[in-house]
Amino acid sequence: MSARTLFAKLWDAHVVVPETEAAPAVLYVDLHLLHEVTTPQAFAELDARGLSPRCPERCMATLDHSTPTSPRDAAGKLHYGSAASEKQVDQLRANCERHGIELFDMGDTRRGIVHVTAPELGLTRPGMTIVCGDSHTSTHGAFGALAFGIGTSEVGHVLATQCLLQRRPKTLAIEIDGELGRGVGAKDVILHVIGVIGVNGGTGYAIEYRGSTIRALGMEARMTLCNMSIEAGARAGMVAPDQITFDYLRACPRAPQGAAFEAAMAEWSRYVSDEGAEFDRVVRIDAADIRPTLTWGTHPGTAIAVDAAIPEPVDASARKGLEYMGFEAGHSLIGQPVDVVFVGSCTNGRIADLREVAGILRGRRVHPRVRMLVVAGSEAVKRMAEAEGIDSVVRAAGAEWREPGCSMCIAMNGDLVAPGQLAVSTSNRNFEGRQGQGARTVLASPLSAAAAAVAGRIADPREFLHAAAEVA
């Protein structure tokens with residue numbers, strides 16, 4: 001057999017009916033993740049057809065997008081951003097109970113953002129196909145899985161059949177080698193990648209991230225990379241599993257245990273690209289070229305190093321984005337006044353992200369002009385952070401320590417950026433209105449976000465790392 005890529009192995013292992021010119025392939029789905037926003041219509045379609053989920057045991061549901069991150073009031077009541085949001089939560093609760101689907105409900109210690117909770121529990125594993133009615137399902141590819149978002153009608157199809165119609169994408173290898181510089185993390189890497197290949201650079205492809213830089217990253221950093229693959233237009237992003245993957249999973253409560261884990265690890269080890277496997281396209285990047293990176297426009301492809309000048313817009317879309325953001329070409333982002341800083345989301349709401357933020361905030365105060373929200377990606381992350389005293393550091397600095405959820409990433413839960421305000425956000429999208437009507441968003445790493453919160457303006461986080469080292 002000829003050498004095969006990781007993607008080819010995953011695809012071939014799950015094809016039920018091969019693709020033809022006339023019809024897509026039928027792929028089997030190992031894990032179907034559900035949340036409250038994209039499921040009501042899907043369950044309603046099943047009801048209309050008199051159907052039930054084919055494999056409820058292969059489904060996992062959680063509440064995240066519409067849930068408030070403010071604590072319960074004195075009477076124990078949650079205050080939702082809208083009646084529609086509360087209705088979505090109630091509907092998922094009812095659908096899961098009726099069909100026997102496991103739900104991590106409000107108050108459940110396992111609840112959290114769907115793309116944080118499933119990996120930390122060990123439900124996400126190498127060799128799997130994973131889908132969810134959420135575009136950032138590509139996160140799970142960090143484990144050597146084929147994971148991608150699906151639409152509402154497809155959610156219903158998977159519920160009914162445990163299969164999905166898919167056209168086979170091409171393969172794109174992003175090879176990054178070398179050591180990352182001080183203050184440069186996974187968010188900077190993926191923003192740099194998108195800046196290099198463009199927001200359409202991955203269209204029609206499944207991306208595999210490779211090279212010495214990638215192999216040196218921990219699982220949380222790999223999840224950040226894969227999470228934003230969709231922002232380059234890719235169908236999926238993935239990293240081949242290795243000992244770092246296995247060590248992470250060994251500590252997960254829902255992963256195989258004991259001898260079963262050893263057997264699983266032997267199987268998981270097969271899911272790597274063979275020596276000599278050919279990709280349809282290869283992009284090579286030197287890690288030394290990556291600096292702390294932020295966005296200046298209204299899509300993730302407008303990514304530049306923090307100390308670089310904003311480029312001249314090359315088309316009408318770029319001109320419109322620059323005008324919307326109120327920035328000027330030829331100027332640096334450094335020094336731009338900031339109103340809001342958001343740390344969280346399925347991109348950067350894990351414990352490693354919160355530790356970086358605490359490192360900047362410790363012994364400092366958030367600028368008086370800035371409102372800063374720090375939102376753990378799950379109940380488990382929140383508990384871990386509180387055990388380490390991160391919540392105390394955040395509060396002492398004058399920032400808000402919120403309950404887990406999607407929060408200000410999508411602004412459908414009461415957490416909004418006001419019209420005209422500039423937010424530095426660790427989330428994944430900077431589209432117009434994404435964080436609130438008229439809001440302006442700069443995407444950044446946790447370090448860059450924390451630096452902006454303290455400075456009250458966009459700043460180079462490396463300056464704060466040097467200062468922190470001197471204080472220590």
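This talk goes from the overall form of the protein to a few of its residues and ring contacts.

Thank you all for coming; what I am showing is a predicted model, so please take every value as computed from that model. The protein has 472 residues, for which a compact globule would have a radius of gyration near 23 Å, and the 21 Å found for the protein agrees with that. Along the principal axes, the C-alpha trace spans about 60 × 55 × 50 Å. The secondary structure comes to 17 helices and 19 strands, and buried residues make up 59% of the 472 residues. If we take the contacts with a separation of 6 or more, 74% of them are accounted for by residues 24 or more positions apart. The protein exposes about 17800 Å², of which carbon and sulfur atoms supply 51%.

Let me turn to the helices, beginning with α4, which covers residues 114-121 and includes Leu121. Is Leu121 buried or exposed? Leu121 is buried, because its relative accessible area is 7%, and buried here means under 20%. Leaving aside residues up to four places away in sequence, Leu121 touches Phe104, Arg110, Cys252, Pro253, Arg254 and Ala255. Of these partners I would single out Ala255, since Leu121 and Ala255 are 134 residues apart in sequence while their C-alpha atoms are 7.2 Å apart in space.

In helix α16, residues 446-455, we find Ser448, which is buried with a relative accessible area of 2%. With residues up to four places away in sequence not counted, Ser448 touches Pro292 and Pro461.

Which residues of helix α13 are buried? In α13, residues 351-361, they are Ile351, Asp353, Leu354, Val357, Ala358, Ile360 and Leu361. As background to reading such a list, an α-helix has 3.6 residues a turn, so residues three or four places apart point the same way. After α13 comes Gly363, which has a positive phi, near 80°.

Positive phi values also appear in residues that are not glycine, and two of them lie in the loop between β17 and β18. Ser407 has a phi near 55°, and with a relative accessible area of 0% Ser407 is buried. Ala411 has a positive phi of about 55°, and Ala411 also counts as buried, at 16% relative accessibility.

Now to the aromatic rings, where a search of the whole structure finds four aromatic pairs. One of the pairs is formed by Phe143 and Tyr248, whose ring centres are 5.5 Å apart and whose planes stand at 65°, so the pair is edge-to-face. This pair links distant parts of the chain, as Phe143 sits in the loop between β6 (129-132) and β7 (146-149), whereas Tyr248 belongs to helix α9 (residues 243-250), 105 residues apart. How do the two rings' residues stand in terms of burial? Phe143 is buried, with a relative accessible area of 0%, while Tyr248 is partly exposed, with a relative accessible area of 21%. Ring pairs also link Phe246, Phe261 and Trp268 into a cluster.

I will finish with a charged group placed against a ring, namely Arg270, which lies over the face of Tyr271 at 5.1 Å from the ring centre.

Definitions and conventions. Residues numbered from 1 in each chain as written. Predicted model: local features only at pLDDT ≥ 70, side-chain atom pairs only at ≥ 80, totals over all residues. Heavy atoms only, no water. Buried < 20%, exposed > 50% of the residue type's maximum accessible area, 1.4 Å probe, protein only. Helix = DSSP H or I, 4+ residues; strand = E, 2+ residues; numbered from the N terminus. Contact = heavy atoms within 4.5 Å. Phe/Tyr/Trp six-rings, centres within 6.5 Å; stacked < 30°, edge-to-face > 60°. Lys NZ or Arg CZ within 6 Å of the ring centre and 35° of its normal. Rg over C-alpha atoms; globule rule 2.2 N^0.38 Å. Areas by Shrake-Rupley, 256 points an atom, 1.4 Å probe, with all protein chains shown as cover.
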